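Reader: I've got this one open on my screen and I'd like a close look at a single part. Could you walk me through the helix that sits inside the fold, and then show me what goes on around it?

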Amino acid sequence: MDLILLAKAAVMGVVEGLTEFLPISSTGHLILAGALLDFNDEKAKVFDIAIQTGAILAVIIVYWARLRDTLLQLPTQRQAQRFALNVAIGFLPAVVLGLLAGKAIKAHLFTPTVVATTFILGGLVILWAERRPATSVRVEDVDAMTPWDALKVGLVQCLAMVPGTSRSGATIIGGMLLGLSRRAATDFSFYLAIPTLIGAGAYSLYKERALLSVADLPMFGVGLLMSFLSAWLCVRWLLRYIASHNFVVFAWYRIAFGLVVLATAWGGWIDWRG
């Protein structure tokens with residue numbers, strides 16, 4: 001058993017769990033961590049996607065009561081049916097765009113300039129969104145969302161296919177700009193992550209199954225466990241944080257990280273092409 005490899009897997013799992021649900025792009029951080037740890041070959045790229053499942057398990061546990069009640073009430077309760085429909089509608093655009101343009105996006109947009117630009121632009125959008133008046137909020141809770149609201153958030157989620165954008169950042173800030181409260185946008189982002197990230201992980205594992213072997217199970221197991229634990233802590237912290245704080249600190253972090261991307265790329269220290 002390669003203890004160094006397991007240690008690298010643990011670090012990558014922590015990075016995934018801590019960044020997946022914050023509006024700061026887990027992809028960019030995984031690329032940086034992978035380069036620093038020399039953990040960035042083709043198998044490592046599959047690993048990065050697969051360990052998202054651990055982070056999603058954390059969301060399922062945090063929201064378990066709501067998810068359980070929805071499943072039990074789905075056959076008879078209109079509200080449960082509406083909630084499930086909204087999540088399905090929000091999930092659909094990413095599926096369609098991923099199947100149609102996933103390869104092209106990865107081939108042409110994964111450059112240092114694109115990653116840095118999306119980091120910085122995303123930070124500026126957050127600053128703008130947080131300065132909008134509170135009167136622009138029209139949806140206080142996910143139960144008040146319409147299918148049209150869900151579709152719009154789902155379309156915004158597609159922006160996250162551009163590296164450096166951040167799926168959670170696109171859905172949370174996009175939801176706020178579309179009239180959702182900070183809490184409603186954050187909750188729906190988490191619910192939407194469940195089918196989106198599970199689907200992406202399963203598809204990646206199936207597509208790249210030739211790269212994997214039974215010997216990889218310990219590495220993936222450690223990554224999944226650390227991703228789960230760190231994501232569980234992060235999600236619980238974020239839900240408390242948004243009760244009395246905004247996302248401005250993440251905006252400035254994104255701008256600073258975008259400058260780091262440019263510096264490391266121009267200096268030849270990090271290969272940001274994925």
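Author: One bit of vocabulary before we start: a charge sits over a ring if NZ of Lys or CZ of Arg is within 6 Å of the ring centre and within 35 degrees of the ring normal. By that rule, the charged end of Arg209 sits over the ring of Tyr206, 4.2 Å from the ring centre. Arg66 does likewise with Phe83, lying over the ring face at 4.1 Å from the centre. Keep in mind that this is a predicted model.

Now for your helix, α9, which covers residues 167-177. Of its 11 residues, 10 are buried, so α9 is largely enclosed by the rest of the structure. The buried ones are Arg167, Ser168, Gly169, Ala170, Thr171, Ile172, Ile173, Gly174, Gly175 and Met176. As for what covers them, the list includes α7 (112-130), α8 (147-157) and α10 (182-207).

Look at what comes before and after α9, too. Ser166, in the loop between α8 and α9, has a positive phi of about 90° despite not being a glycine. Most residues other than glycine have a negative phi. Ser166 is also buried, with a relative accessible area of 4%. After α9 comes Gly179, again with a positive phi, near 110°.

There's another non-glycine with a positive phi: Asp38, at about 55°. You'll find Asp38 in the loop between α2 (26-37) and α3. At 59% relative accessibility, Asp38 counts as exposed, whereas Ser166 is buried.

From that loop, move on to α3 itself, residues 42-50. The axes of α3 and α11 (residues 217-241) come within 10 Å and cross at roughly 35°, and the crossing is right-handed. On the α3 side the contact uses Lys43, Phe47 and Ala50, while α11 brings Met219, Phe220, Gly223 and Leu224. Sorted by type, the contact residues are 5 nonpolar, 1 polar and 1 charged.

Phe47 has a ring partner as well. Ring pairs count when their centres lie within 6.5 Å, and that gives 12 aromatic pairs. In one of them, the ring centres of Phe39 and Phe47 are 5.2 Å apart and the planes are at 85°, so the pair is edge-to-face. Both Phe39 and Phe47 are buried.

Last, back to Phe83, the ring under Arg66: ring pairs link Phe83 with Phe21, Tyr63, Phe190 and Tyr191 into a cluster.

Conventions
Residues numbered from 1 in each chain as written. Predicted model: local features only at pLDDT ≥ 70, side-chain atom pairs only at ≥ 80, totals over all residues. Heavy atoms only, no water. Axes fitted to C-alpha atoms, helices over the stretch in contact; angles between N-to-C directions. Helix = DSSP H or I, 4+ residues; strand = E, 2+ residues; numbered from the N terminus. Left-handed = near helix turned anticlockwise from the far one by under 90°. Contact = heavy atoms within 4.5 Å. Nonpolar A, V, L, I, M, F, W, Y, C, P; charged D, E, K, R; others polar. Phe/Tyr/Trp six-rings, centres within 6.5 Å; stacked < 30°, edge-to-face > 60°. Buried < 20%, exposed > 50% of the residue type's maximum accessible area, 1.4 Å probe, protein only.
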